[in-house]
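Let's practise reading sheets together. Have a look at the sequence and the structure below, then try each exercise before you read its solution.

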Amino acid sequence: MNDKCKSRRKLVRRLVAGFFLVMVVVAVSGCHTLGFYSQAARGQYQIIANEQRIDKLLAQTQTPAQLKGRLELLERLRVFAKSNLKLPTDHHYEKYTDLRRPFVVWNVEAAPEFSLQPKSWWYPLVGSLEYRGYFTHAGATNYARSLRNDGYDVSVGGVQAYSTLGWFEDPVLNTFIFESDAELAEIIFHELGHQRLFAHGDTDFNEAFATTVGEEGARRWLQTHGDAASLQQYQAHLDRNMQFVHLVMSTRARLAALYGDVRGPDGKLKASRRLTMPAEELRRQKAQILQQMAAQFQVLRKQWGGDPEFDGWFKHPINNAQLNSVAAYYDFVPGFEQLLANNGGDMEQFYQAAEALSKKPKPDRHRELKALSRIRVVASLSAQKRLTGFN
């Protein structure tokens, strides 16, 4: 049997398995779930059906030169990921799909009007996650509208890449291939990080782990293959990002105190059973805190010389869900950074330590990451306050 036939049979088996998975979920769920998983199946099929092998694209004279250059860089990133970062490349990113749209999916996140407790959704195989992904912008905005009608704060954000966690061989997409070298490296290493480790039903753990892998991997790539200016520019980006995240986290802390949110056994914020004051007063004070955040951002932006990196984030309505979207990726990043430092910067030892954490009960792993974060943050936080003047 030739390779083409084998590849086709392998694709058919995976699509059939995916179809039966959808049917099982539908059998135990309602009509809304049927619509969601149907669009998910269609979206994944569109990606697979339009894949082209990268080696063939590189060999074809009609492939645009710009795309060829990015795909050649991608192949070098895959080699680096496997050899230097000990990430499982397998057959991921050997194919390319042009979706002819800016994002592969749009994530919907939600939280109550007066709490930072994120809404979660259950999925087969991966458990409860704090976002709902749609392959069309219209699907995401329609669902977001229904959540707003139910009284939720809602955020809709475009996503450039995601990992299927080994269910499919993830392709390169037009949604991220034309990013800068550093950004492309970070995206690839981030998504391969999900392939290396994924904790069932723990969004914050998974995203912070992959974010740490992506950022550390991009730094190491630039140190090995980039120039001093590129590395300096990327580090400046990470420094701005750290200041932005600190602003978001300090705003969330103020809002949590206003709402009376409490910490659960896993360290996550939970809504209190009763409002701390009348709803109208809560709305007034919430709006005031968010206005102060916007003003503080303008101070930061001026310190950055007018850099517009986060302007797009502030074009969206700032609410509890929007703030949570940042916390999900960065709350535990300092803890993972400290875990990497504790293992002497050795990536394999770091993965093993993170995997050991992932096997502990969720409250225990979160407490350990919080403790590691405190160690990491003490020095950087004092430096951050000197830079921004924020408390």
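**Exercise 1: A pair of strands**

Task: Find how strand E3 (residues 105-112) and E7 pair, and over how many bridges.

Solution: Keep in mind that this is a predicted model. Start with the direction: E3 and E7 pair in the antiparallel sense. Next, count the bridges between E3 and E7, and you get 8. For one example, take valine 105, whose bridge partner in E7 is valine 159.

**Exercise 2: The sheet around the pair**

Task: Work out the strand order of the open sheet that holds E6, E3 and E7, and say why one side of E6 and of E7 is left without a neighbour.

Solution: First write down the order, E6-E3-E7, for this open sheet of 3 strands with antiparallel pairing. Then look at the edges: E6 (132-134) and E7 (152-159) stand there, and because each has a single partner strand, one side of each lacks a neighbour in the sheet. Finally, check the twist: neighbouring strands here are turned by 25° against each other on average, direction ignored.

**Exercise 3: A helix across the strands**

Task: Which strands does helix H11 (residues 320-330) lie across, and at about what angle to E3 does H11 run?

Solution: Follow H11 and you will see that this helix lies across E3 and E7. Now compare directions: H11 runs at about 115° to E3.

**Exercise 4: Another sheet**

Task: Describe the open sheet that holds E1, E2 and E8.

Solution: Begin with the order of its 3 strands, E1-E2-E8, where the pairing is mixed. The edge places go to E1 (52-53) and E8 (172-173), each with a single partner strand. Then zoom in on E1 and E2 (residues 95-97), an antiparallel pair with 2 bridges. Here arginine 53 has lysine 95 in E2 as its bridge partner.

Technical notes:
Residues are numbered from 1 along each chain as its sequence is written. This is a predicted model: local features need pLDDT of at least 70, side-chain atom pairs count only at pLDDT 80 or more; totals for chains, interfaces and linings use all residues. Side-chain values use heavy atoms; hydrogens and water are left out. Two strands pair if DSSP finds at least two bridges between them. Helices (H or I, at least four residues) and strands (E, at least two) are DSSP runs, numbered from the N terminus. Axes are lines fitted to C-alpha atoms, for helices over the stretch in contact, and angles run from 0 to 180 degrees between N-to-C directions. Contact means heavy atoms within 4.5 Å.
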